[in-house]
Amino acid sequence: AHHGETLRFRVLEPRGKHAARPMSGARPILVFYHIPGDGDEAETPNAFPVLKPDGQVMLQDVRSKFPLPGTYHFRFKLRWGPDPLQVAWMDVTNEAAQVP
């Protein structure tokens, strides 16, 4: 990855039988990402977990658990409107902001 690389994220909460909580009560949230500048494809993203007791993931949580060294710009995918295929990308810069 390059300095200042733009990352694209999807944040998903596991459901069903794989949604078991650790003893601490923290909820495991999977953060999926791809780095377009490195040739990553959105269809086969990378992922890492973030454990939050309240399930609210902030940008500072994503940045602190992000597995690659470097300086990155964080952009998050969210549904735009009632059609699940309509999406928008939201740039998040405030460390205390909840990510979509």
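1. A quick definition to begin with: helices and strands here are DSSP runs, numbered from the N terminus. With that in hand, you can place Lys 52 in strand 3. Please keep in mind as you read on that this is a predicted model.

2. Let's stay with Lys 52 for a moment. Is Lys 52 buried or exposed? Its relative accessible area is 17%, and buried means under 20%, so Lys 52 counts as buried. Leaving aside residues up to four places away in sequence, Lys 52 touches Ala 26, Arg 27, Val 57 and Asp 61.

3. One of those contacts deserves a closer look. Lys 52 and Asp 61 form a salt bridge, with 3.1 Å between the closest N and O atoms. Both Lys 52 and Asp 61 are buried. As background, side chains of opposite charge can pair when their charged atoms come close.

4. How many salt bridges does the structure hold? There are 3. Another of them joins the side chains of Arg 63 and Glu 95, at 2.7 Å from N to O. Arg 63 sits in helix 1 and Glu 95 in the segment after strand 5 (87-91), so this pair ties together parts that are 32 residues apart in sequence. Arg 63 is partly exposed at 35% relative accessible area, and Glu 95 is partly exposed at 30%.

5. Asp 91 and Arg 75 also form a salt bridge, and their closest N and O atoms are 2.5 Å apart. This pair links distant parts of the chain, with Asp 91 in strand 5 and Arg 75 in strand 4, 16 residues apart. Asp 91 is partly exposed, at 39%, whereas Arg 75 counts as buried, at 19%.

6. Now for the nonpolar side. The largest nonpolar core has 15 residues, and those with the most contacts inside it include Phe 48, Val 57 and Phe 74. Strand 2 (27-34), strand 3 (46-52), helix 1 (59-65) and strand 4 (72-79) each give two or more residues to this core. In soluble globular proteins, nonpolar side chains tend to be buried together.

7. Finally, the rings. The count comes to 5 aromatic pairs. In one of them, Phe 48 and Phe 66 meet edge-to-face, 5.8 Å centre to centre with 80 degrees between the planes. Phe 48 lies in strand 3 and Phe 66 in the loop between helix 1 and strand 4, so the pair ties together parts 18 residues apart in sequence. Phe 48 is buried at 5% relative accessibility, and Phe 66 is buried at 9%. Both rings belong to one aromatic cluster with Tyr 33, Tyr 72 and Phe 74.

Terms used
Residues numbered from 1 in each chain as written. Predicted model: local features only at pLDDT ≥ 70, side-chain atom pairs only at ≥ 80, totals over all residues. Heavy atoms only, no water. Core = buried A, V, L, I, M, F, W, Y, C linked by side-chain atoms within 4.5 Å. Buried < 20%, exposed > 50% of the residue type's maximum accessible area, 1.4 Å probe, protein only. Helix = DSSP H or I, 4+ residues; strand = E, 2+ residues; numbered from the N terminus. Contact = heavy atoms within 4.5 Å. Phe/Tyr/Trp six-rings, centres within 6.5 Å; stacked < 30°, edge-to-face > 60°. Salt bridge = Lys/Arg side-chain N within 4 Å of Asp/Glu carboxyl O.
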